[in-house]
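Student: I am new to this structure and would be grateful for a close look at a single part of it. Could you take one strand and then follow what lies around it in the chain?

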Amino acid sequence: MTELNVKLNEDDTDDSILIYKNETSEEKIMLHLDAKPGKQKRSDGKHISELLVVNLVKHIKGPYEDPRERLVQHLMKTFQFTKKTLECKRKIDESADQYVLNIMPKFDKVWLSNGYQFNWTLTKEDIRLFCKRVKDISISLILREEENKFKFDEALECEKLWIHDDSDWLDIEKLLTRENKMKHLQLCNVTEEDVNNIFTQWINGPTSVLSSVWFSVKNPTSDIVILKDISANEITDLNSERDNTNKTSKRFKINRKCDGKLAMVTIGDGIITLVA
């Protein structure tokens, strides 16, 4: 077995486990207790065997009352998967989906998205459920209702945070102080002032494990706003043989005040990175 992927779909009756065996075959286990079995082929010719969780757990002993949790725990204990991912495309019900919260820390990667859920009014609690449970999380959330917009200002306590589409729901004030375990940060659709804020936090903050930051900036202008009130030394020698930097980009060196740690900032056409 190579990959284990638990998918929580827009319709919970379609929740499933996908186990990728090879390029042409995979197992699909339907997690809904009333699901019906079936077999199908994708357009690419991959064969999918559909199984039911209620049938499989009859042969599995364990301390977990919920059959879905019992099966996932058994699979993870029995097989050495190269990758274990959880995809969540709907609102989690703390009562009905308690098993998801129990197994969440065991996944290498978690994906959270409300892109196709137009009746999902996002709340802080929806995000809070993932706090302290996930090390590597990719988030694609859209706040559609103006009256329900908020700024999430609590610590996810993750090591890698990848935000796609829109970062407007995340409060970036004191973000690096809250997320002191973070090694990688990605923010999309931010302003140049937001980038300046994060860089300033890194420069003035304590030692941290953060080693890389990636931004996509809306309406980019120049490096003047990004580096406002920041002591940065531009690197002008971009012609060395080892340098593959896009020649339209600018590179700068900045230092953290507490320990002198050096970071390389690259400012391109709407894409800005920091590597420490």
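Tutor: What follows begins with one strand and then turns to salt bridges, the nonpolar core and the cysteines.

The model is a predicted one, in which local features need pLDDT of at least 70 and side-chain atom pairs count only at pLDDT 80 or more, while totals for chains, interfaces and linings use all residues. Residues are numbered from 1 along each chain as its sequence is written, and side-chain values use heavy atoms, with hydrogens and water left out.

The part chosen is strand S8, residues 136–140. Helices (H or I, at least four residues) and strands (E, at least two) are DSSP runs, numbered from the N terminus. Strand S8 is mostly covered, for five of its five residues are buried; buried means under 20% relative accessible area, exposed means over 50%, and partly exposed lies in between, with a 1.4 Å probe and protein chains only. On one side of S8 stand Asp136, Ser138 and Ser140, on the other Ile137 and Ile139, and all are buried, which leaves both faces covered.

S8 also has strand partners, where two strands pair if DSSP finds at least two bridges between them. With strand S7 (residues 109–113), S8 pairs in the parallel sense over four bridges, and Leu112 has Ile139 as its bridge partner in S8. Strand S9 runs parallel to S8 as well, joined to S8 by four bridges; here Ser138 has Trp162 as its bridge partner in S9.

The loop between S8 and S9 (160–163) holds Glu154. This residue forms a salt bridge with Arg128, the closest N and O atoms being 2.6 Å apart; a salt bridge is a side-chain nitrogen of Lys or Arg within 4 Å of a carboxyl oxygen of Asp or Glu. The pair links distant parts of the chain, since Arg128 belongs to helix H4 (residues 124–128), 26 residues apart from Glu154. Arg128 is partly exposed at 31% relative accessible area, and Glu154 is partly exposed at 25%.

Glu159 lies in the loop between S8 and S9 too. Its side chain meets that of Lys183 in a salt bridge (3.8 Å, N to O). Lys183 sits in the loop between helix H5 (175–178) and strand S10 (184–190), 24 residues apart from Glu159. Both are partly exposed, Glu159 at 26% relative accessibility and Lys183 at 39%.

Elsewhere, Lys7 and Glu87 meet in a salt bridge at 3.1 Å, N to O. They lie 80 residues apart, Lys7 in strand S1 (residues 3–8) and Glu87 in strand S6 (residues 83–88). Lys7 counts as buried at 17% relative accessibility, and Glu87 is buried at 18%. By the rule above, the count comes to 15 salt bridges.

The largest nonpolar core has 71 residues, and those with the most contacts inside it include Leu161 and Phe215. Such a core is a set of buried Ala, Val, Leu, Ile, Met, Phe, Trp, Tyr and Cys residues joined through side-chain atoms within 4.5 Å. Helix H6 (residues 192–204) gives the largest share of this core, five residues.

Finally, a search of the whole structure finds zero disulfides, a disulfide being a pair of cysteine sulfur atoms within 2.5 Å. For Cys131, the nearest cysteine sulfur is that of Cys158, 8.7 Å away. Cys131 is buried at 11% relative accessible area, whereas Cys258 is partly exposed at 45%.
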